[in-house]
Amino acid sequence: MRARAAGPGSGEPAVPRCRFEAMIRNGHGEAGGAERPGPGGRRAVRVWCDGCYDMVHYGHSNQLRQARAMGDHLIVGVHTDDDITLTVDGRDTYEEVKQAGRYRECKRTQGVSTTDLVGRMLLVTKAHHSSQEMSSEYREYADSFGKLSHPTPSRETLSSGGSSQCPGGRNPWTGVSQFLQTSRKIIQFASGKEPQPGEMVIYVAGAFDLFHIGHVDFLEKVHGLAERPYIIAGLHFDQEVNHYKGKNYPIMNLHERTLSVLACRYVSEVVIGAPYSVTAELLDHFKVDLVCHGKTEIMPDKDGSDPYEEPKRRGIFCQIDSGNDLTTDLIVQRIIKNRLEYEARNQKKEAKELAFLEAMRQQEARPERESDCDF
């Protein structure tokens, strides 16, 4: 998915298509979801962005963060399952808003793609864990997942400058990439706020793998426990998660999970590599008032002890029912069950994107040919 945002200086959002199935107003912020005026009382700048948002990850969150910063009110369009923003002949469906001068493009978050996450689930390797090197098996899969059965033009043939962004003939949007964590990425996602007097410090811990709506519902319930909550999420190391979940979990490594959780509006702070057992030192250091856990099974620590023994002893432990049964396991099972469908969909998407790249190359080459004939 390419991140795009189009927004007018005033009036209605520049929506490429008027057809839609439903609109849901987000009530966050103003009561009843009311739209606030812009600075100085001017009319609010409304921004539209769209995409598939399949298995929402921190790359999607970063797109929405950038789009939101372009105006005062953000409207997000979610495509139907088979929808795409390129026509079969490679024509840009944002052509109209571009011509109107109302198009802006968000910078893509390098190193993350839904395709890569799906590949990790299907291949069942641990190469994506933070302390592991990519295996030859995973590298081969990363170079072939979603490729068409017939030859496709490589990125080098679509760009006069050449690029290594698309090895093996994949396009730079659908292809698998590798994530590199930087302090700047963390700062972009972090709130930077410390707990204030009167706020209740609530600690939650877990893998938060493939951060999904089940996690969000849980954190929303935790957030509602206090009038002024300050939620700290402790994320376990990859090896710790793999110990109690097995297989090739976590699907996302610690650095990726950190950004995904930081992107959630209910979380104020993240402990990167938190101890599995909630210790007295941790509770005292962060001045924790309450410790919460969901309805998922609590696995004992390596020595057989209860990881929540200390908060239970202090009487500050609370178990929360989010009301949502979705788990990371269910998502993985769904992907594995529909493997062929996901691969076919990815091939279809890549074909259209490659057609777009080819059309762009021809469009860029046309002025050069015209200038060559200009005597």
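User: In what sense do β5 and β6 pair, and over how many bridges?
Analyst: This is a predicted model. In it, I202 has I231 of β6 as its bridge partner. The pairing of β5 with β6 is in the parallel sense, and the number of bridges is 7.

User: What is the strand order of the open sheet with 5 strands?
Analyst: Strands β5 and β6 pair in the parallel sense, and the pairing in this open sheet is parallel. From one strand to the next, the twist averages 25 degrees. The order of the 5 strands is β7-β6-β5-β8-β9.

User: Which strands stand at the edges of that sheet?
Analyst: An edge strand here has a single partner strand, so one of its sides is left without a neighbour in the sheet. The order β7-β6-β5-β8-β9 shows the ends. The edge strands are β7 (269–272) and β9 (317–319).

User: Which residues have the most contacts inside the largest nonpolar core?
Analyst: The largest nonpolar core has 41 residues. Elements that give two or more residues to this core include β5 (200–206), α7 (213–223) and β6 (229–235). Leaving aside residues up to four places away in sequence, V204 touches F218, L219, V222, I231, I232, A233, G234 and C292. The residues with the most contacts inside the core are V204 and L219.

User: How many residues are in the second, separate core?
Analyst: This core is separate from the one in which V204 and L219 have the most contacts. Among its members are Y230, V271, V288 and Y308. Its number of residues is 14.

User: How many of the residues of α3 are buried?
Analyst: Helix α3 (114–123) gives two or more residues to the largest nonpolar core. Its buried residues include T114, D116, R120 and L123. The helix is largely enclosed by the rest of the structure, because the buried count is 10 of the 10 residues.

User: Is F208 buried or exposed?
Analyst: F208 is found in the loop between β5 and α7. Its phi is near 50 degrees, a positive value in a residue other than glycine. Buried means under 20% relative accessible area. At 6% relative accessibility, F208 therefore counts as buried.

User: What is the relative accessible area of L210?
Analyst: L210 also lies in the loop between β5 and α7. Phi of L210 is near 50 degrees, again a positive value in a residue other than glycine. L210 is buried, and its relative accessible area is 7%.

User: Which peptide bond is cis, with omega near 0 degrees?
Analyst: The bond leads into P250, a residue in the loop between α8 and α9. Its omega is near 0 degrees, and the cis bond runs from Y249 to P250.

User: How many residues of β2 are buried?
Analyst: Side chains in a regular strand alternate between the two faces of the sheet. In β2, one side holds R46, W48 and D50, while V47, C49 and G51 are on the other, and both faces are covered. The strand, residues 46–51, is mostly covered, and the buried count is 6 of its 6 residues.

User: Which residue of β3 is the bridge partner of R46?
Analyst: Strand β2 pairs with β3 (residues 73–78) in the parallel sense over 6 bridges. From β2 the chain crosses through helix α1 (residues 58–69) to β3, in a right-handed β-α-β crossover. The bridge partner of R46 in β3 is H73.

Conventions: Residues numbered from 1 in each chain as written. Predicted model: local features only at pLDDT ≥ 70, side-chain atom pairs only at ≥ 80, totals over all residues. Heavy atoms only, no water. Buried < 20%, exposed > 50% of the residue type's maximum accessible area, 1.4 Å probe, protein only. Helix = DSSP H or I, 4+ residues; strand = E, 2+ residues; numbered from the N terminus. Pairing = 2+ DSSP bridges. Right-handed = clockwise from strand over helix to strand, strands pointing away. Core = buried A, V, L, I, M, F, W, Y, C linked by side-chain atoms within 4.5 Å. Contact = heavy atoms within 4.5 Å. Axes fitted to C-alpha atoms, helices over the stretch in contact; angles between N-to-C directions.
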